[in-house]
Amino acid sequence: DTPIGRIASVICYDADFPSLVAQASEQDVDLLVVPAGDWSAIAQMHADMARIRAIEQGVSVLRPAGAGLTTVVDPYGRVLASHRFEPERPLASIAASVPVHGVRTLYGRLGDAFAWLSVLGLGMATALAVARRVRDS
C-alpha cells in the first residue's frame, strides 16, 4: 500500500502466467510493475502478454525493459507509452500519466470459471442439437 494506491510486482516472464498475476486482482492491486529483460525476437510478444494481464486483472502495468520493449499500459489495455531498447542508445526515458486506480473485471473476479461455464454450455447445446437430430431422424 502506498499513498497513490496498491502496487505489486512480478518479474519478466512471470507476467505470462495468468494464475500468478491473478493474485493482483485478488489483492485489489492498482499498479503492477513488471521489470523485464527481453531480446528482440520476443520483445513484442512479452509486452503484449503484459498488456493482456492489464486487461484481465484491471490494473495499470508499468513494464520497464532493460532490453526489449518498455511499455506503460492502462487497465483497459491502452498503451500510454512505449520505447524499444536500442543498444546504441542504452539510456532512455519515457513519460506517461498512469492511472493508479484499478478497475474490477469479470475475469479478475471469476478467473477461468466463466470460460469453463462457457465450454460446459457449448457442450450442452451441442448434445441437445445432436439429440434433436437423432430424434427427428
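This is a short walk through a predicted model, stop by stop.

**Whole chain**

Start zoomed out, with the cartoon on. You should count four helices and five strands. Trace them from the N terminus and the order reads β-α-β-α-β-β-β-α-α. The radius of gyration is 20 Å, well over the 14 Å that the globule rule gives for 137 residues, so the protein is more spread out than a compact globule. Along the principal axes, the C-alpha trace spans about 70 × 35 × 20 Å.

**The sheet**

Now select the strands. They make an open, five-stranded sheet with mixed pairing, ordered β1-β2-β3-β4-β5. Colour residues 7-9 and 79-84 to pick out β1 and β5, the edge strands, each of which pairs on one side only. Look along the sheet: neighbouring strands are turned by 20° against each other on average, ignoring direction.

**The β1 edge**

Zoom in on β1 and add residues 31-33, which are β2. Three bridges hold this pair, and the sense is parallel. Show Ala8 as sticks and look across to β2, where Leu32 stands opposite.

**The β5 edge**

Swing over to β4 and β5. Here the strands run antiparallel, joined by five bridges. Click Val72 and then its bridge partner in β5, Ala81. Follow the chain round the hairpin, which has five residues between the strands, and stop at Gly77: its phi is positive, near 85°.

**Helix α2 on the sheet**

Next, select residues 40-57. This is α2, which packs on the sheet and touches β3 (60-63), β4 (69-73) and β5. Line up your view with β4 and compare directions: α2 makes about 15° with that strand.

**Where α1 meets α2**

Keep α2 on screen and add α1, residues 18-26. Two packed helices are described by the angle between their axes and the distance between the axes. Here the axes come within 10 Å and cross at roughly 45°. That angle falls outside the ranges for roughly parallel (under 35 degrees) and roughly perpendicular (65 to 115), and α1 and α2 are therefore oblique to each other. As for handedness, α1 passes α2 in a right-handed crossing.

Which residues of α1 and α2 meet? Show side chains for Pro18, Val21, Ala22 and Ser25 on the α1 side, and for Arg53, Glu56 and Gln57 on the α2 side. Colour this contact by residue type and you get three nonpolar, two polar and two charged residues.

Terms used: Residues numbered from 1 in each chain as written. Predicted model: local features only at pLDDT ≥ 70, side-chain atom pairs only at ≥ 80, totals over all residues. Heavy atoms only, no water. Pairing = 2+ DSSP bridges. Helix = DSSP H or I, 4+ residues; strand = E, 2+ residues; numbered from the N terminus. Axes fitted to C-alpha atoms, helices over the stretch in contact; angles between N-to-C directions. Contact = heavy atoms within 4.5 Å. Parallel < 35°, antiparallel > 145°, perpendicular 65-115°, else oblique. Left-handed = near helix turned anticlockwise from the far one by under 90°. Nonpolar A, V, L, I, M, F, W, Y, C, P; charged D, E, K, R; others polar. Rg over C-alpha atoms; globule rule 2.2 N^0.38 Å.
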